[in-house]
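User: I have a model open and would like to go through the labels attached to it. Could you explain how each one is earned?

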Amino acid sequence: MNDLENNLKFEYLYRDSGNYKQFGCLVLRNPTDIKPETATKQIKRLLIDGEFFYPDKVQVPRLESYEFDPEMDHDWYEFEKFSLTDEKPTISITAQNFIDSFL
């Protein structure tokens with residue numbers, strides 16, 4: 001089995017006040033073989049209302065191509081899902097350490 005076949009993809013989005021969506025993802029090394037379902041359960045317990053997070057607090061790149069209106073928009077992003085991928089990691093942190101960073 002190729003080590004890359006086991007990486008986890010973390011997918012997220014930003015939804016502005018006009019309901020326009022911007023999507024992003026991170027690919028995480030997964031040396032402990034965390035299943036997407038398990039990672040989802042772990043992270044949802046740590047998110048605001050089970051789905052929101054502040055990207056700057058957890059090493060998630062901001063989606064900068066939207067025009068931020070501080071009177072209408074907010075700073076939090078939405079968790080979408082985890083999935084297995086064979087893509088190369090985009091950051092050096094492991095999947096478990098990434099999830100733990102939401103504590």
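Analyst: Happy to; we will take the sheet, the helix, the aromatic rings and the loops in turn, bearing in mind that this is a predicted model.

User: Let's begin with the sheet. What makes S2 and S3 edge strands?

Analyst: The four strands form an open sheet in the order S2-S1-S4-S3, with antiparallel pairing. S2 and S3 each have a single partner strand, so one side of each is left without a neighbour in the sheet.

User: How do you know that S3 is paired with S4?

Analyst: Pairing requires at least two bridges between two strands. S3 and S4 are joined by two bridges and run antiparallel, so the definition is met. You can find Phe 52 opposite Glu 78 of S4.

User: And how many bridges does S1 make with its partners, S2 and S4?

Analyst: Eight bridges connect S1 with S2, and seven connect S1 with S4; both pairings are antiparallel. For landmarks, Leu 8 stands opposite Leu 28 in S2, while Asn 7 faces Thr 85 in S4. S1 is also mostly covered, with eight of its nine residues buried.

User: Now the helix. How do you know that the buried residues of H1 share a side?

Analyst: The buried residues in H1 are Pro 36, Ala 39, Thr 40, Gln 42 and Ile 43. They span an arc of only 165° around the axis, which places them on the same side of H1. As background, an α-helix has 3.6 residues a turn, so residues three or four places apart point the same way. Glu 37 and Lys 41 are exposed on the other side of H1.

User: What covers the buried residues of H1?

Analyst: The cover includes S1, S4 and helix H2. H1 itself packs on the sheet, where it touches S1 and S4, and its direction makes about 160° with that of S4.

User: On to the rings. Why is the pair of Tyr 12 and Phe 53 called edge-to-face?

Analyst: Two numbers settle this. The centres of Tyr 12 and Phe 53 are 6.2 Å apart and the planes meet at 70°. Rings pair if their centres lie within 6.5 Å, and planes over 60 degrees apart count as edge-to-face, so both conditions hold. Tyr 12 belongs to S1 and Phe 53 to S3, so the pair ties together parts that are 41 residues apart in sequence.

User: Then why is the pair of Tyr 12 and Tyr 77 called stacked?

Analyst: Here the ring centres of Tyr 12 and Tyr 77 are 5.9 Å apart, with planes at 20°, so the pair is stacked; the cut-off for that label is under 30 degrees. This pair also links distant parts of the chain, with Tyr 12 in S1 and Tyr 77 in S4, 65 residues apart. Tyr 12 and Tyr 77 are both buried. The structure holds 14 aromatic pairs, and one aromatic cluster has Tyr 12, Phe 53 and Tyr 77 among its members.

User: Let's finish with the loops. What makes Asn 30 a buried residue?

Analyst: Asn 30 sits in the loop between S2 and H1. Its relative accessibility is 4%, and buried means under 20%, so Asn 30 earns the label. Its contacts include Asn 7, Leu 8 and Leu 84. A polar atom of the Asn 30 side chain also lies 2.9 Å from the backbone oxygen of Ile 34.

User: Why is Thr 32 called exposed, but Asp 33 partly exposed?

Analyst: Both residues lie in the loop between S2 and H1. Thr 32 has 54% relative accessibility and so counts as exposed, since the threshold is over 50%. Asp 33 comes to 43%, so it is partly exposed.

User: What is notable about the phi of Asp 33 and Asp 49?

Analyst: Most residues other than glycine have a negative phi. Asp 33, however, has a positive phi near 55°, and Asp 49 has a positive phi of about 55° without being a glycine. Asp 49 is in the loop between H1 and S3, and its relative accessible area of 69% makes it exposed. Asn 19, in the hairpin of S1 and S2, also takes a positive phi, near 70°.

Key
Residues numbered from 1 in each chain as written. Predicted model: local features only at pLDDT ≥ 70, side-chain atom pairs only at ≥ 80, totals over all residues. Heavy atoms only, no water. Buried < 20%, exposed > 50% of the residue type's maximum accessible area, 1.4 Å probe, protein only. Arc of directions from axis to C-beta. Contact = heavy atoms within 4.5 Å. Phe/Tyr/Trp six-rings, centres within 6.5 Å; stacked < 30°, edge-to-face > 60°. Polar contact = N/O pair within 3.5 Å; in protein donor to acceptor, adjacent residues only side chain to side chain. Axes fitted to C-alpha atoms, helices over the stretch in contact; angles between N-to-C directions.
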